[in-house]
Amino acid sequence: QRIVSGSRQSGNLQQATVNVWDAATGAQALVLQSPPSAFCDSVAYDQQGLRIAAACFNQTTSASTLQVWDANSGAQLLYINGVSSSVAFSPDGRFVAGVNGATQEITIYNILNGQRVQTIQGNIVGGINDVVFTPDSAYIVTGNGEGTVSVWNLSTTQQVSKFTGHNSAVNAIAINKDISRIVSAHDDGAIILWDGSTGSALSSFQAAKPLRSVQFNSDGTAVLAGGDENIMRIFTD
């Protein structure tokens, strides 16, 4: 019923860059308290529809922040420094993860009090561009600047597998419900479907320009992808 969007501040104009819209009418659905005036390239709803999060970078102050709001009242719940490039909620509603592009750290925070629960050191060439929890909330999957996809054990913070075979940066990733498939969207326009167990590439498509967003439908039978061509494509088995 609602859509949250992240955008970039226009010039020196101070404006909110995280907005919540009514999906049916396109009207503003919620006013967020202390909305950021920054570059907010990553936003998320939790699966329960209770919270909204954004990872933002302020070019003037160089501050990178993770902010979380109540999705019903708009009240700010958390304000955490050091998250700049990607944010994701765990499906069980307990955690929120954020990526620090400078240090390549993936940090997991308790959603109730903002305390740091776990830190994963990425050490990925080219950095980490996107982060997603697996549906069971036991692992984190990252899309990396070197063109790879990594799977991390949340309990041990260790990388358990790495999908390779493409050199262009991964801009976005998505996982289906049973973790049997992972899809990645790349900066050179490629979209790759991976086997979630073996890491082998199952199929691919090549667009003419970078792809920025990718998502499975609810039952995992189709993939939606979009990017710089201003074209939305749907892929099915």
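In which strand does S184 lie? S184 lies in strand β17, where strands (E, at least two residues) and helices (H or I, at least four residues) are DSSP runs numbered from the N terminus.

The structure is a predicted model, in which local features need pLDDT of at least 70 and side-chain atom pairs count only at pLDDT 80 or more, while totals for chains, interfaces and linings use all residues. Residues are numbered from 1 along each chain as its sequence is written, and side-chain values use heavy atoms, with hydrogens and water left out.

**The chain as a whole**

The protein chain contains 22 strands and zero helices. Its radius of gyration is 17 Å, close to the 18 Å that the globule rule gives for 237 residues, so the chain is as compact as a globular protein of that length. The radius is taken over C-alpha atoms, and the rule is 2.2 Å times the number of residues to the power 0.38. Along the principal axes, the C-alpha trace spans about 45 × 40 × 35 Å.

Of the 237 residues, 48% are buried, a term that denotes under 20% relative accessible area (exposed is over 50%, partly exposed in between; 1.4 Å probe, protein chains only). Among contacts (heavy atoms within 4.5 Å) between residues at least 6 apart in sequence, 34% join residues at least 24 apart.

**Three buried residues**

The table lists the place and relative accessible area of selected residues.

| Residue | Strand | Relative accessible area |
|---|---|---|
| S184 | β17 | 0% |
| H186 | β17 (residues 181-186) | 0% |
| T107 | β10 (residues 105-110) | 5% |

In strand β17, the side chains of S184 and H186 are joined by a polar contact of 2.8 Å. Such a contact is a pair of N or O atoms within 3.5 Å; within protein, one must be able to donate a hydrogen and the other to accept it, and residues adjacent in sequence count only if both atoms are side-chain atoms. The side chain of S184 also makes a polar contact of 2.8 Å with the side chain of W194.

Beyond neighbours within four places in sequence, S184 is in contact with residues including V149, V170, I192 and W194. With residues up to four places away likewise set aside, H186 touches several residues, among them G147, H166, V170, I192 and L211.

In strand β10, T107 has contacts that include V96, A97, R116 and Q118, leaving aside neighbours within four places in sequence. T107 and V87 are 20 residues apart in sequence, and their C-alpha atoms are 9.7 Å apart in space.
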